[in-house]
Amino acid sequence: KRLILATRNAGKITELHAILADAGLDLDLVGADAYPDIPDVKETGVTFAENALLKAHALARATGLPAVADDSGLCVDVLGGAPGIFSARWSGTHGDDQANLDLLLAQLGDIDTPHRGAYFACAAALALPDGTERVVEGRLNGILRHTPSGTNGFGYDPILQPDGETRTCAELTPAEKNAISHRGKAFRALVPVVRELVG
Ligand code: ITT
């Protein structure tokens, strides 16, 4: 049986393969890249959950197969939760991880560490072609470093240091990150639902 991963973000795809395989999900995982003719859905939702559901439904409807989607981002305390759902395009260019990270660091300036709290959030959605839907969320709390460190992962990983860690997410191994991450938590919570509704 096939399950579509309704994302074109390479960093997410790598992590989702590992997270879902570790959870023992025995499905043929196919990235949205396998369906290049299906246009990207407009992310018009105002929450991570709404956007994850929009992406999952679009792929499920277009392929006739069950689909899971991830909508995620970084929510910074002193910015009132921004960039939040706008994390992928914070600098104005969608998917320019370096520009997004640079802009965020510039906005935080020299605000000191106790005031640099932030969390990663992930909504993991499942949609079936008949319109059935489920969505669950996960978070990873931490603080934002003043300078980036580490080369693993993607996005804002080089500046988020999870609570209880001395390393940034980009200094953790992929397995260490998945064990504690917003994405790991959300998708591990979704697995029993996928088992029940997809097989
Ligand atoms: P799809 O919609 O195709 O899945 P996208 O990159 O547009 O890809 P989002 O709208 O969910 O996805 O944006 C997520 C952004 O949040 C991503 O570009 C990163 O900048 C950031 N982000 C999410 N999870 C992250 C993680 O685990 N580590 C670092 N940054 C992360």
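The biggest slice of the shell around the ligand comes from β3, which supplies 5 residues (helices, H or I of at least four residues, and strands, E of at least two, are DSSP runs numbered from the N terminus). The model is a predicted one, so local features need pLDDT of at least 70 and side-chain atom pairs count only at pLDDT 80 or more, while totals for chains, interfaces and linings use all residues. Residue numbers start from 1 along each chain, following the sequence as written.

Of the 24 residues around the ligand, Thr7, Asn9, Ser87, Ala88 and Gly155 come nearest (a residue is near a molecule or strand if its C-beta atom, placed from the backbone, lies within 6 Å of it). The elements giving two or more residues to this shell are β3 and α3 (97-108). Sorted by class, the shell holds 6 nonpolar, 10 polar and 8 charged residues. Here Ala, Val, Leu, Ile, Met, Phe, Trp, Tyr, Cys and Pro count as nonpolar, Asp, Glu, Lys and Arg as charged, and the others, Gly among them, as polar.

Helix α3, one of those shell elements, is a good place to look at helix geometry. At 1.5 Å a residue its 12 residues should span 16 Å, and its end C-alpha atoms are 17 Å apart, which agrees (the expected span is 1.5 Å times one less than the number of residues). Asp97, Asn100 and Leu104 are the buried residues of α3. To spell that out, a residue is buried if 20 or more other C-beta atoms lie within 10 Å of its own, exposed if 12 or fewer, and partly exposed in between, with C-beta atoms placed from the backbone. Those buried residues cover an arc of only 70° around the axis, which puts them on the same side of α3 (the arc is that of the directions from the helix axis to the C-beta atoms). Over on the other side of α3, Gln98 and Ala106 are exposed. Asp102 also sits in helix α3, and it counts as partly exposed because it has 14 C-beta neighbours inside 10 Å. From Asp102 to Lys1 there are 101 residues in sequence and 42 Å in space, C-alpha to C-alpha. Just after α3, Gly109 has a positive phi of about 55°.

Helix α1 (residues 10-22) tells a similar kind of story. Its 13 residues reach 19 Å from first C-alpha to last, close to the expected 18 Å. Lys12, Glu15, Leu16, Ile19 and Leu20 are buried in α1. Looking down the axis of α1, these buried residues fall within an arc of 120°, so they line one face of the helix. Ala10 and Ala21, on the other side of α1, are exposed. The buried residues of α1 pack against β1, β2 (28-31), β3, α4 (174-180) and α5 (182-197), where contact means C-beta atoms, placed from the backbone, within 7 Å. Right after α1 comes Gly24, with a positive phi of about 80°.

Helix α2 (residues 48-63) is next. It has 16 residues and reaches 23 Å from its first C-alpha to its last, close to the 22 Å expected. Its buried residues include Phe48, Leu53, His57 and Leu59. The buried residues of α2 pack against β1 (2-5), β3 (67-76), β4 (117-127) and β5 (133-144). Gly64 follows α2, and its phi is positive, near 75°.

Now for the strands. β4 and β5 run antiparallel and are joined by 11 bridges (two strands pair if DSSP finds at least two bridges between them). Gly117 has Ile143, in β5, as its bridge partner. β4 and β5 form a hairpin with 5 residues between them, and Gly131 in the turn has a positive phi of about 100°. β5 also pairs with strand β6 (residues 160-162), in the antiparallel sense, over 3 bridges. In that pairing, Gly142 stands opposite Pro162 in β6.

A couple of loop residues round things off. Thr44 lies in the loop between β2 and α2, and it counts as exposed because it has 8 C-beta neighbours inside 10 Å. Thr44 and Thr166 are 122 residues apart in sequence and 37 Å apart in space, C-alpha to C-alpha. Pro83 is in the loop between β3 and α3. A cis peptide bond joins Ala82 to Pro83, with omega about -5°.

Note on methods
Two residues are in contact if their C-beta atoms, placed from the backbone, lie within 7 Å.
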